[in-house]
Amino acid sequence: MARSYAQFCPAARTLDVLGERWTMLILRELLAGPMRWSDLDDALPGLGPTLLSQRLRDLEHAGYVGRRELPPPAARTVYELTELGRQAEPVLMAIGRLGVRYLDEPTDEQPFLDRIARFGLKSMLALEALTERELSIGLELEEMTATIRIGERRDESGRLRRFHERVEVSDGMDDTADVLVSGSIGVFVWHQQGLLTTEQALAELDVRGDDDHVAHAFELLGLT
């Protein structure tokens, strides 16, 4: 890396690798799955091709990103997160959660994008509300549709699943989900910004499901 904080500190050492501009946003994009260089270039306007290539080399060298060749007919190189890269997801989620307070209205220069909104929804989840329970939440929002799934807490061997292994946000609303929510993503944002009380936020949403499931979904979505 070009610069270092030169401190014997795990946070400083991590920031030596991940603290450069655009690095965390590259990881954010790769959370959704493998991407070609051209896809990353399109997804991050303003980064520039030379700097994108440099950041990817840095992340590969540090072990956060790897390259894989797709078989024919695709026959293209894709970048993807390694296991170490996946371990950075809770950090990105925490940064996203902190950043909700700075959101305002989308603009032509900063449009609403589904892939970033899925990341935003995941980052809004209250990690402290995760329990042993599995749950699915279908969201029919004005801006997008999505389904949040909370999977088993432990795998077949009894190992605790990490956040990225257990929590998934996918496109489209599954109308068989345990809880179905209709409304606007703005309600969740404004509630977390303190512009709506919990009662006001809930009044703006149409919620269906078993009372116990709904109560747990509210906890996960921070609507308590």
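**Note on serine 136, its sheet and helix 6**

1. Leaving aside residues up to four places away in sequence, serine 136 is in contact with Ile148, Arg149, Ala177, Asp178 and Val179. The model discussed here is a predicted one.

2. Serine 136 lies in strand 3. Its relative accessible area is 12%; the cut-off for a buried residue is under 20%, so serine 136 counts as buried. One polar contact deserves a mention: the serine 136 side chain reaches the backbone nitrogen of aspartate 178, at 3.0 Å. Aspartate 178 is also among the residues that serine 136 touches.

3. How many of the residues of strand 3 are buried? The strand covers residues 135–141, and six of its seven residues are buried, so the rest of the structure largely encloses it.

4. On one side, strand 3 pairs with strand 4 (residues 145–150) in the antiparallel sense, over six bridges. Three residues stand between these two strands, and together they form a hairpin. Within this pairing, isoleucine 137 has isoleucine 148 of strand 4 as its bridge partner. Isoleucine 148 also appears among the contacts of serine 136.

5. Strand 3 has a further partner in strand 6 (residues 179–183); these two run parallel and are joined by five bridges. Here leucine 139 is bridged to valine 181 of strand 6. As general background, strands of a sheet pair through backbone hydrogen bonds, in either a parallel or an antiparallel manner.

6. These strands belong to an open sheet of five strands with mixed pairing, in the order 5-4-3-6-7. Strand 5 (167–171) and strand 7 (206–209) are at the edges; each has a single partner strand, so one side of each lacks a neighbour in the sheet. On average, neighbouring strands of the sheet are turned by 15° against each other, direction ignored.

7. A separate point concerns helix 6 (residues 89–99), where Glu89, Leu92, Met93 and Gly96 are buried. Why do they lie on the same side of helix 6? The arc they cover around the axis is only 100°, and this puts them on the same side of the helix.

8. The cover over the buried residues of helix 6 includes four helices: helix 2 (23–30), helix 5 (83–86), helix 7 (114–124) and helix 8 (163–166).

Key
Residues are numbered from 1 along each chain as its sequence is written. This is a predicted model: local features need pLDDT of at least 70, side-chain atom pairs count only at pLDDT 80 or more; totals for chains, interfaces and linings use all residues. Side-chain values use heavy atoms; hydrogens and water are left out. Buried means under 20% relative accessible area, exposed over 50%, partly exposed in between (1.4 Å probe, protein chains only). Two strands pair if DSSP finds at least two bridges between them. Axes are lines fitted to C-alpha atoms, for helices over the stretch in contact, and angles run from 0 to 180 degrees between N-to-C directions. A polar contact is a pair of N or O atoms within 3.5 Å; within protein, one must be able to donate a hydrogen and the other to accept it, and residues adjacent in sequence count only if both atoms are side-chain atoms. Contact means heavy atoms within 4.5 Å. The arc is that of the directions from the helix axis to the C-beta atoms.
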